[in-house]
Structure formats: structure tokens, C-alpha cells
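Here are my notes for your review. Please read them with the structure open beside you.

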Amino acid sequence: MDPIRHRTETASVVTVGTVNFGDGSYPVIAGPCAVESESQLMAAARIVAGAGASMLRGGAYKPRTSPYSFQGLGREGLRLLHAAGQATGLPTIAEVMEPGEVEIAAAHLDMLQVGSRNMQNVPLLRELGKTGSPVLLKRGFAATIDEWLLAAEHILNAGNSQIVLCERGIRTFETQTRNTLDISAVPVAKALGGLPVIVDPSHAAGRRDLITPLALAGRAVGADGMMVEVHPDPDSALSDGPQQLDGRQFASLMDALDIHSRREEIDRIDHRIIHLLARRLETSLEIGRAKTARGLPLHSPAREETILDIVGGEAARAGLDPRVVRAMYESLLTESRSAQHRTALTAVQGGIGG
Ligand code: PEP
Ligand code: MN
């Protein structure tokens, strides 16, 4: 039996303020592992906003493995996050661990996170289903993809479909990294769940040197964004220091993503240009056939001059060098003309042969 009921044909887009998950963009959620103080959070918020992050993260309630580690600032952390979000204009996200905290967290934050350790905290999932807040559901570090999607269904069935999934690494036998980022889970969960999926290389790797390559890998397999930990001074962090990026390292991650995304955009533009060129040629062949049928000459230098004038003017208005665009069009027109002649010739030969 297939346990997944909410399989959807078209993937959903989840909107948090002005940020969209699942629309082809790659929003970056960044901020410290934990909110430690007002000055630490404000410094982190300014760093991530300045380098182009889409959302601010920070833990207020920390589900630490050890009860002796820093447990977070709780409600004070929520208040500081809200203030830092207001100051930078970034939507905010933090983890909630208990159903009883959902309401207060929703009042302070733009998105609520379910941490890896709480993926199957069913009362929490049900409570999140009742809020109007978007939810980031992290994969349990020992959960299968089906279990993860079924956890999402607890939220969906309680009435909230604004869910983004987050692959944050699973526990494997490997010890070089904290967890293993399960790259294949991204396309698999996207296809099965119909929900946006982001990656969190920070908690996956546990090492800051792997963040950029894993972020690019996540994007290559179709992730809808990422989450990354950034601290103004990682060496002094109260949690997850070795995996947090400082301001300079975060800026270089954003540069790497940006160049990559510009290249993807160029590829999409070239794809459109090639198809438009093919359509242009096909249309010009239709004109050629119409001319041949009427016994008109194929070459009309006056019309070609008009076209060159039109595109030259258009190019200048668009901020391009008209001479360069005219030169490109001259070769296009030459190619159109020879294609028209080839077609006419084939038609004549076809006629003789037939
Ligand atoms: C976090 O994002 O703050 C966190 C604790 O991550 P995870 O639940 O993935 O361990
Ligand atoms: Mn952390």
C-alpha cells in the first residue's frame, strides 16, 4: 500500500512574505544556530541581509543533545528575532518544540520550524496544522522519506498546506561528516510529496568547508532553497561553532550561488533565443514559399534594409550597440535567404520529379 495520500501533480509554492519556495528561485535562509544575545543576533542579521539572504533564522528553543549545553533564550529569543526581522526587513524563522509554544512563536515569527528531533512529534505537527503559519519540516535524521512525508501529512490533514520540507542530513556509518546530506532525497521527496524541498548543508556536514559545494549540489538536484548557519564570530558560538560561517564566508557562498544562478539564467535565455530563431526561420520560409507560388523574386534588398533599420533602432533603445545587432542580423538574413533558395530549389526539383 502506498502510504502517501497527498501526492500532487503540480508542486506547490509556499510564500513567506516576499519569499517564494518552489517557484524556481533559490531562497537562502541564514542566521545563527542559536539566538545568544541582542548584539549577536543583530550583527548576524545585518551580515546575512547585507549579503543577500532571503530570511533570517535563529534558534530560541534549542533541542540540544545534552541537557548541560546552552538551551536557548526561549521567549526572549523570539522577541529578539522579531526585532531583528523588523530592523532588516527579513522574514524570520525559528524552531518550536512543543504544541504549547506554537501560538506565541507564530505571533513573533513568519515561519515555524520543526527540527529533526521533532519530526514525529505528532501533537506538535497537529498543532502546526491549525496555525496559518508556513512550516519548515526538517527530516528526522533517522527517518525514511516516506516517514518524512507522512509527518507532513499530519500537518496537512490538520488544515495547513503551507509546508516546505528540509533535507538536513541523515545518520549513516560515515564519521567524517556529522550527517550525510541525502542528495537523492530532494528529487524523490519533491516528486512524491509535491511540496518544496530545501537543503541544510550546515547540520548535514557539521563542517563549514563543505557548505558551498553542498549548497551547489542541492541546487543541482532541484532544491527549492537552502538553510545555512551564520554567526558573527563562530569561534565564540554557544552551539554548532564548527559549522557556522562568518560574514566573509557567507558572502563568498552567496557569490558562488549568484554566479551559478546567473549562468542558469543565461542557459534559459539562450534556450529561448534558439527557439525564437527557429521560429523566425520557419516564418521566413513560409514567405519564401508564398513568393515562389506567385512568381515573385525571393530577394528583396529594400525589405532587408528596413529590417536592419528596425532592429538597429530597437537595439539602441534597449541599450545595445546597434552595429553589433545589425551585424548579427545580416548573417541571419543571409541564412534565411539561402534557406529560402534551398527550399525553392527542392520544390522545383520535386515538381520536375513528380
Ligand atoms: C536547527 O536548525 O536549529 C537544528 C537544530 O537543526 P536540526 O533540527 O536539523 O538538527
Ligand atoms: Mn545548529
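1. Where does Thr177 lie? Thr177 sits in the loop between β8 (163–167) and α6 (185–193). Keep in mind throughout that this is a predicted model. Thr177 counts as buried because its relative accessibility is 18%, and the cut-off for buried is under 20%. The side chain of Thr177 has a polar atom 2.9 Å from the backbone oxygen of Asn179.

2. Overall architecture. The chain holds 11 helices and 10 strands. It has 354 residues, and 44% of them count as buried. The radius of gyration is 28 Å, whereas a compact globule of 354 residues would have a value near 20 Å. The C-alpha trace spans about 90 × 50 × 40 Å along its principal axes. Please check any setup that presumes a compact globule against that 28 Å.

3. A pair far apart. His231 and Ala344 are separated by 113 residues in sequence. In space, their C-alpha atoms are 69 Å apart. His231 is in the loop between β10 and α9. With a relative accessibility of 2%, His231 counts as buried.

4. The shell of ligand 1. Which residues surround ligand 1? They are Arg57, Lys62, Glu95, Gln113, Gly115, Ser116, Arg117, Lys138, Arg168 and His203. By class, the shell has 6 charged residues, 4 polar ones and no nonpolar ones.

5. Polar contacts of ligand 1. Three side chains deserve a look here. Arg57 places a polar side-chain atom 2.7 Å from an oxygen atom of ligand 1. For Lys62, a polar side-chain atom is 3.1 Å from an oxygen atom of the ligand. Lys138 has a side-chain N or O atom 2.8 Å from an oxygen atom of ligand 1. On its own, ligand 1 has 290 Å² of accessible area, and the protein covers 96% of that.

6. The manganese site. Which protein atoms are the donors of the manganese ion (ligand 2)? They are Cys33 (SG), His203 (NE2), Glu229 (OE) and Asp240 (OD). These donors lie 2.0 to 2.3 Å from the ion. The donor residues follow the sequence spacing C-x169-H-x25-E-x10-D. Glu229 and Asp240 are 11 residues apart and link distant parts of the chain. Of this pair, Glu229 is in strand β10 (residues 226–229), while Asp240 is in the loop between β10 and α9 (247–294). His203 deserves a second look: it is listed in the shell around ligand 1 and it is a donor of the manganese ion.

7. Burial of two donors. Are Glu229 and Asp240 buried or exposed? Glu229 counts as buried because its relative accessibility is 0%. Asp240 is buried too, with a relative accessible area of 16%.

8. Backbone at Asp240. Please check this torsion. Asp240 lies in the loop between β10 and α9. Its phi is near 55 degrees, a positive value in a residue other than glycine. Most residues other than glycine have a negative phi.

9. Glu36 and Ser239. Glu36 is found in the loop between β3 (28–31) and α1 (38–50). The residue is buried, at 16% relative accessible area. Along the chain, Glu36 and Ser239 are 203 residues apart. Their C-alpha atoms are separated by 9.4 Å.

10. Glu103 and Ser133. Is Glu103 buried or exposed? Glu103 counts as exposed because its relative accessibility is 68%, and the cut-off for exposed is over 50%. It lies in helix α3 (residues 102–108). Glu103 and Ser133 are 30 residues apart in sequence, with 9.8 Å between their C-alpha atoms.

Terms used: Residues are numbered from 1 along each chain as its sequence is written. Chains are lettered from A and ligands numbered from 1 in the order in which they are written. This is a predicted model: local features need pLDDT of at least 70, side-chain atom pairs count only at pLDDT 80 or more; totals for chains, interfaces and linings use all residues. Side-chain values use heavy atoms; hydrogens and water are left out. A residue is near a molecule or strand if one of its heavy atoms lies within 4 Å of it. A polar contact is a pair of N or O atoms within 3.5 Å; within protein, one must be able to donate a hydrogen and the other to accept it, and residues adjacent in sequence count only if both atoms are side-chain atoms. Accessible areas come from the Shrake-Rupley method with a 1.4 Å probe; for residues, only the protein chains shown count as cover. Ala, Val, Leu, Ile, Met, Phe, Trp, Tyr, Cys and Pro count as nonpolar, Asp, Glu, Lys and Arg as charged, and the others, Gly among them, as polar. Donors are N, O and S atoms within 2.8 Å of the metal (3.2 Å for Na, K and Ca); water is not among the atoms, so sites may look incomplete. Helices (H or I, at least four residues) and strands (E, at least two) are DSSP runs, numbered from the N terminus. Buried means under 20% relative accessible area, exposed over 50%, partly exposed in between (1.4 Å probe, protein chains only). The radius of gyration is taken over C-alpha atoms; the globule rule is 2.2 Å times the number of residues to the power 0.38.
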